[in-house]
Amino acid sequence: MSQFVWPGSVSVAPAFPRTYTQDTYSFSDIVSFPKGAHALKIGGSLARLEENFDFAGLGSAVQLLSWPDFLLRLDALHNDTGMYSNVFASRDAFDLLNRELTGWESALFVQHSYRIRPSLTLNLGLRYKRLGQFGDELGRNSSFDVSKAIAHSPPSGSLDGYIAASNFPGDLPPGVLRAKNTFGTYGEGQDTIAPRIGFAWQVLPRTSQLALRGGYGIYYYRPTGQTSAQSILGAPFSVSRVSTGLANAVATFEASFVQPFPTPSFPEFEPYSITTKSTVNALAPRFCPAMVHQFWLNTPVEVKQTWLLEIGYVGARGTHLQRLRSLNQALDASPDNPINGVTSNTVAYIGSRVPIPGILSDSLREIESEGNSRYNGLEASLTKRLGHGLQFLASYTFSKTLDTDGANINGTAAGNSLTLGDQNSPTQRWGRASFDRTHRFVLNETWSLPSPSGRLKRAILGGWDFAAVVTIQSGSALTLSATNANNVFGISTDRAQLSRTCSKHQLVKGGSVKSKLGGYFNTACFASPSIIGADGIGTTFGNSATGLVDGPGQAKLNLAFSKTVVLRWPVDRSNLEFRAEFFNALNHTSLRIPTQVSHRQPSASSVARL
């Protein structure tokens, strides 16, 4: 059974047994050397990581853009469009899915804490860490180096660009490189050096009520096993087929996939040439771990006894973040800049304007580590330490996160969906990350009610505790996505086009959140993408920004009441506790993120044949 996807509506998928086995064997130790105003720590660790994948299958997928498409289910010849089938996209794969991934991780660090004077302490640290990439014991890892691919391949096809692991079983065909490791990549970025510095300063010499603390550090993060598993869909142990838009014009609902089905004999590399419509799924050969520069400065102030106020700034700059991008987007052709002999941009000649003819424009898909992000946040908290039975912590954060691929962080980083919009322009995709929330307030409190005097009153009114957690936060950033079927660069996963007749605040309908259940967005603010093709059909990318509007905000109150009864049986300190908890006690509805605006240029689903 195939997976059926209606963007902005529903997705129906079959379930295949999948087994992930993860084992980690680690050893670590730290030695400390305190002496006077100095404290030295030296430590290290060693770990072996094992991740085994055993998939029964991946299945296939069919994408329809609307329910009318589902009812028509015709190819382009019979639905009066002449260009697009009602089945907009079809995807299937044939693979050897087992992997036995192993990797090593080691670290050494030294940290020196120096109390320069009673009011000032300085911390210096340096960490070396080797984040070894995952190799496959079965020799099935691979990657694809676009820089080595041939733009003008012979009619028989080319395999230039493919890279196989060093333990690939057997001889490699001409054009395929053998890596020097079992990762199937160039193995870059495994050795990391991370300096760190911090300080704490008691500002006022005669009191500890005011202090200043800050620091800076570089941190590296190991890629997940999901990243290494990307090559499962890549040659030579997989054949993936993706047909989107024009390439899927002959598909019907009853015959959604290109016939005949391939009968590969693995391992098998698929040559690409001007006559093929190949798909490449791979891990970028220069993939490396993510790196984050983090810096902070805060001021704790003891406003009165047991009360502490903290105000601070936290910033972070992320580089080498992982994302899924197509590296074969069609180029902009003109008489002054011909592409493979083509001098104008048309939908019909998308395949002739790609950097590597023979590979579809949206189907040279690589997990790469080229993303960037920025985070800036103002953090404030008020802490009441336990006194008279009461303690609480109130925290507020005002922040903003920007990212080169922020539209769908989870899907793009996991390799499940392409970054939205122009694949070759990080600036065009730059905007608020999908998890960004401008405001967030959290209050945690516990209160032990005082017990009255008198045995009977204490038995009834004593031993009560009350706890509450209040969370109020603004909605997460939303990117308005739309299917751009006529995109002249061959990328249909795009952001929506704004009509320029509305302000930013008019994009979301006014009123309460519940009043927007039938429609969150003002559809009059959207239009079809601008036509720039010489054929009068091809469109440019949508002009809406990443993370343009906010989704519904959330407010939640959780309560807990407990009563402790002292029994002194069966032992002297025995007691019995009655507890009641109320999650979302005020029954405040928390709504999910609205689906995207389904506004697109006229195509198969808008043909009036129903």
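Me: How many bridges join strand 14 to strand 17, and in which sense do the two strands run?

Reply: In this predicted model, strand 14 and strand 17 (residues 290–304) run antiparallel and are joined by 9 bridges. One residue pair serves to locate this contact: Tyr219 has Val292 of strand 17 as its bridge partner.

Me: Which sense, parallel or antiparallel, describes the pairing of strand 13 with strand 14?

Reply: The pairing is antiparallel, with 7 bridges between strand 13 (residues 191–202) and strand 14 (residues 211–221). Here one may look at Ile197, whose bridge partner in strand 14 is Tyr216.

Me: What should one expect of the side chains along a strand?

Reply: As a general idea, side chains in a regular strand alternate between the two faces of the sheet.

Me: Which cysteines form a disulfide?

Reply: The general approach is to look for two cysteine sulfur atoms within 2.5 Å of each other. The sulfur atoms of Cys502 and Cys525 are 2.2 Å apart, and these residues form a disulfide. A search of the whole structure finds 1 disulfide.

Me: Which parts does the pair tie together?

Reply: Both Cys502 and Cys525 lie in the loop between strand 27 (497–498) and strand 28 (526–527), so the pair ties together parts that are 23 residues apart in sequence.

Me: Why is the disulfide of Cys502 and Cys525 left-handed?

Reply: The handedness is read from the torsion about the S-S bond, which is about -90° here, so the disulfide is left-handed.

Me: Is Cys525 buried or exposed?

Reply: A residue counts as buried under 20% relative accessible area. Cys525 is therefore buried, at 1% relative accessibility, whereas Cys502, at 24%, is partly exposed. Cys288 is also buried, at 12% relative accessibility.

Technical notes: Residues numbered from 1 in each chain as written. Predicted model: local features only at pLDDT ≥ 70, side-chain atom pairs only at ≥ 80, totals over all residues. Heavy atoms only, no water. Helix = DSSP H or I, 4+ residues; strand = E, 2+ residues; numbered from the N terminus. Buried < 20%, exposed > 50% of the residue type's maximum accessible area, 1.4 Å probe, protein only. Pairing = 2+ DSSP bridges.
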